Amino acid sequence: MAKKILVVEDNPANMKLLLAALRPQGYDLIQAIDGEEALKTAISESPELIIMDVQLPKMNGMEVTGKLREMPEFSDVPIIAVTAYAMKVDKEKAFESGCNAYLSKPINIQELRNVVAEMLLRRSEARHEIQ
Ligand code: MN
């Protein structure tokens, strides 16, 4: 069954790029365009991985991540932070809020695909879905 990925990004051009990068990999892609929608969609759709833009309207990506991490069902869902500001402090904040990986814009498509595949595999292994 296709792995479900929630892509959170408020910029339409960036969203298009992220979806285009991941679509050929056969994932079931769902979208959210602000922090509140991200939280609601994550809860209703139970994605297996989340790609989280950090700068978002209504609630930023780190806040959303922090809230999700408070819920047991999201304790081990991989969250990949994406931000335009490749600053050390942002990276540290992203990890502090509970993100598992960090990518800076402009997104390198191959790197994104690799990180997503690796995170999904790691989670499957942790859950003993793969022997
Ligand atoms: Mn943004």
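**Exercise 1. The manganese site**

Determine which accessibility class Asp10 belongs to, and describe the metal site in which Asp10 takes part.

*Solution.*

Step 1. The relative accessibility of Asp10 is 33%, so this residue counts as partly exposed. The classes are buried (under 20% relative accessible area), exposed (over 50%) and partly exposed (in between), with a 1.4 Å probe and protein chains only. The model is predicted, and local features need pLDDT of at least 70, side-chain atom pairs count only at pLDDT 80 or more, while totals for chains, interfaces and linings use all residues. Residues are numbered from 1 along each chain as its sequence is written, and side-chain values use heavy atoms, with hydrogens and water left out.

Step 2. List the donors, that is, N, O and S atoms within 2.8 Å of the metal (3.2 Å for Na, K and Ca); water is not among the atoms, so sites may look incomplete. The manganese ion has the protein donors Asp10 (OD), Asp53 (OD) and Gln55 (O), at 2.0 to 2.2 Å.

Step 3. Place the donors along the chain. Their spacing is D-x42-D-x1-Q. Asp10 and Asp53 are 43 residues apart and link distant parts of the chain: Asp10 lies in the loop between E1 and helix H1 (12–22), Asp53 in strand E3. Helices (H or I, at least four residues) and strands (E, at least two) are DSSP runs, numbered from the N terminus.

Step 4. Classify the second aspartate. Asp53 has a relative accessibility of 2% and therefore counts as buried.

**Exercise 2. The surroundings of strand E3**

Establish which strands pair with E3, and in which sense.

*Solution.*

Step 1. Examine the burial of E3. Five of the five residues of this strand (residues 49–53) are buried, so E3 is largely enclosed by the rest of the structure. One side carries buried Leu49, Ile51 and Asp53, and the other carries buried Ile50 and Met52, so that both faces are covered.

Step 2. Find the partners; two strands pair if DSSP finds at least two bridges between them. Strand E1 (residues 4–8) runs parallel to E3 and is joined to it by four bridges, with Val8 opposite Met52. Strand E4 (residues 79–83) likewise pairs with E3 in the parallel sense over four bridges, and Ile80 is the bridge partner of Ile51.

Step 3. Follow the connection. From E3 the chain crosses through helix H3 (residues 61–69) to E4 in a right-handed β-α-β crossover. Right-handed means that, with the strands pointing away from the viewer, the path from the first strand over the helix to the second runs clockwise.

Step 4. Inspect one residue of the connecting helix. Leu68 is found in H3 and is buried, at 0% relative accessible area. Contact means heavy atoms within 4.5 Å. Apart from neighbours within four places in sequence, Leu68 is in contact with Leu39, Ala42, Ile50, Met52, Phe74 and Ile79.

**Exercise 3. The two sides of helix H1**

Decide how the buried residues of H1 are arranged around its axis.

*Solution.*

Step 1. Collect the buried residues of H1: Met15, Leu18, Leu19, Ala21 and Leu22. Viewed down the axis of H1, they fall within an arc of 160 degrees, so they line one face of the helix. The arc is that of the directions from the helix axis to the C-beta atoms.

Step 2. Compare with the opposite side, where Pro12, Ala13 and Lys16 are exposed.

Step 3. Identify the cover. The elements over the buried residues of H1 include E1, strand E2 (28–32), E3 and helix H5 (109–126).

Step 4. Examine the N-terminal end, which Asn11 caps, a side-chain oxygen lying 2.9 Å from the backbone nitrogen of Ala13.

**Exercise 4. Backbone exceptions**

Locate the cis peptide bond and the residues other than glycine with a positive phi, including Ser46 and Lys58.

*Solution.*

Step 1. Recall the background: most residues other than glycine have a negative phi, and most peptide bonds are trans.

Step 2. The bond from Lys105 to Pro106 is cis, with omega near 0 degrees; Pro106 lies in the loop between strand E5 (101–104) and H5.

Step 3. Ser46, in the loop between helix H2 (35–45) and E3, has a positive phi of about 45 degrees.

Step 4. Lys58, in the loop between E3 and H3, has a phi near 75 degrees. Its relative accessibility is 60%, so Lys58 counts as exposed.

Key
Polar contact = N/O pair within 3.5 Å; in protein donor to acceptor, adjacent residues only side chain to side chain.
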